[in-house]
Protein chains: 2
Amino acid sequence: MRRAAVVGIDLGGTNTLLGIVDREGRLLSDIKLPTRSYPEIEDFVAALYQQAQDMAFTLGVELKGVGVGAPCGNYYTGTIEFAPNLPWKGVIPLGALLQAKFGLPVRVTNDANAAAEGELRYGKAVGKKNFIEITLGTGLGAGIVIDGKVVYGADGFAGELGHVIVEKNGRQCGCGLRGCLETYVSATGVVKTFQEKIKNGAKTNGVGAPLAVTARSIALAAEKGDELAVEVMRYTGQILGEALASFVAFSAPEMIVLFGGLAKAGKLLLEPTKIHMDQNLLRIWRGKIDLVISGLDENQAAILGAAALAWGA
Amino acid sequence: MRRAAVVGIDLGGTNTLLGIVDREGRLLSDIKLPTRSYPEIEDFVAALYQQAQDMAFTLGVELKGVGVGAPCGNYYTGTIEFAPNLPWKGVIPLGALLQAKFGLPVRVTNDANAAAEGELRYGKAVGKKNFIEITLGTGLGAGIVIDGKVVYGADGFAGELGHVIVEKNGRQCGCGLRGCLETYVSATGVVKTFQEKIKNGAKTNGVGAPLAVTARSIALAAEKGDELAVEVMRYTGQILGEALASFVAFSAPEMIVLFGGLAKAGKLLLEPTKIHMDQNLLRIWRGKIDLVISGLDENQAAILGAAALAWGA
């Protein structure tokens, strides 16, 4: 009998990663597809199917299910709904299309929830019943785990913590609101903070031209000791820490995991975040909430999380 | 065979209500004890036991369990922990004491969670899987229901939404933090808002002397059309609505239930709350979150919720 495995798919605006994962969470094989090369969703689904079949054949495994982490992915309906950065507009029945093509159970969730599933099964949160995964990328996503399960809420969209408003009449967000957490705490937010400070007369010598700057170059400059870059990371950590304190008051997690590019800034982000979180917590929680950087490889987390979902399907 | 019933206890700083409740949530009999008359917890437990026995005997029911809603009550440990308004200091093993005395299963939770349990089983939230109960009293408490269960978190203290910070460097809270939601949205908060506005030169003719004012007198004056009182309710609703929008982003509930004295202000509080909640929500949720006033009698909610817990014990 062939060994059982599932397909884990990390659907992104630029690239889609597809992996074959065994029951122990080992990524047996993976491949990258350029999402934008498939303007028709049917062609995209056909390509995913073909790749998965080829890989399963080569590996000699039998596929048992498919899991997908996708921006604006809805766990309940299996649809992708109005994803601004994907080539397909409106409500896309991705789960149903994949199910028809593969003839296997399919689970869809959003990318942050997939990362939380991965962290729960294979990362820093193994054995934890209550934690929050914060994904720091272009935006800020979150997967909330309560009693060992990712929270989806009434409509499948729980955990939109990037759109908690942290500054009244603050920065304009792509969602239409102002002052959303992700306009401050994300790669985009960090660049914006840097540019605002330059505009207000701050000086830097380590980062380069303000208009070409990226979150990565700011993080690197901060590591090298550029004062402005350090201050940008500190400010970002302050806003994040204050927001995390609210999240703790909500679900009383034992751990908060930071995941994604910005999380790699390490101590320079983590320390101010922790200080400001603790300052804004009730005494019962002060010093008791573990704040950690994800244990998962950035390129594998969503694949593994999606695969974990597929195993549960 | 005698009919089965449980004991529901609503433990308050001034009074403790004890009721005998059947499986259908009918309050068969209840009694009030003055909490402060029992400086020793053992005497208090003995009095609760004696009353419950007498009532059960009179009703001809067999007691099957005990549920308690108490400030700072911990669901996991059955203890009351550092409750500022109760006569017993430190960590009180109320659950263990009751269990030893009654010889029955005992469940303890905090008062807001008890109200949420009551709302879930017998109130407006019957059949709802995801909702948030906000209790508006001297302070602001919350019970969060996800997937049909009240959220307790890693330590039993989830749902401390009164201590989400809504105003940086805002009003001093009794918890030691500044700008907590409950310093604005609660009976105390409403009075404070009124007094601040008077101090800043606002005029009122319907409320009475600013120093003797209560949340109730402000709500009554607002109903009669006093402009300042209406503005106080509007401002309170604004702060509450903004906070509720954050809570929706967290757990995506289908309903938010307001409970307690201040909730009785009705439309004058509810309408601005709804407007500001919707203005601060992502488009996917705008207009879709039911905001309602509790269907439970204020004096019975915590008893019924505690009883519901006891039935589940």
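Buried area is the accessible area (1.4 Å probe) that two parts lose on being put together, summed over both. This is a predicted model, where local features need pLDDT of at least 70, side-chain atom pairs count only at pLDDT 80 or more, and totals for chains, interfaces and linings use all residues. Residues are numbered from 1 along each chain as its sequence is written, chains are lettered from A and ligands numbered from 1 in the order in which they are written, and side-chain values use heavy atoms, with hydrogens and water left out.

**View 1. Chain A meets chain B.**
Between them, the two chains bury about 3,100 Å², and 63% of that is on carbon and sulfur atoms. On the chain A side, A:Lys168, A:Phe250 and A:Leu282 lose the most area to chain B, together 22% of what that side buries. Counting contacts (heavy atoms within 4.5 Å), 42 residues of chain A touch 42 residues of chain B.

**View 2. Charges and polar pairs across the interface.**
Look for salt bridges here (a side-chain nitrogen of Lys or Arg within 4 Å of a carboxyl oxygen of Asp or Glu): the rule finds 6 across the interface. One of them joins A:Lys168 to B:Glu167, with the closest N and O atoms 3.5 Å apart.

**View 3. The sheet of chain A.**
Strands (DSSP runs of E, at least two residues) and helices (runs of H or I, at least four) are numbered from the N terminus. Two strands pair if DSSP finds at least two bridges between them. In chain A, 5 strands make an open, mixed sheet in the order 10-9-8-11-12. Strand 10 (149-150) and strand 12 (290-293) of chain A sit at the edges with a single partner strand each, so one side of each has no neighbour in the sheet. Strand 8 (131-136) and strand 11 (255-259) of chain A pair in the parallel sense over 5 bridges; here A:Ile132 has A:Ile256 as its bridge partner.

**View 4. The sheet of chain B and a helix across it.**
Chain B also has an open sheet of 5 strands, ordered 10-9-8-11-12 with mixed pairing. Its strand 10 (149-150) and strand 12 (290-293) are the edge strands, pairing on one side only. Strand 9 (140-146) and strand 10 of chain B run antiparallel, joined by 2 bridges, and B:Ile146 is partnered with B:Lys149. Helix 6 (227-251) of chain B lies across strands 8, 9, 11 and 12 of chain B, at about 150° to strand 8 (axes are lines fitted to C-alpha atoms, for helices over the stretch in contact, with angles from 0 to 180 degrees between N-to-C directions).
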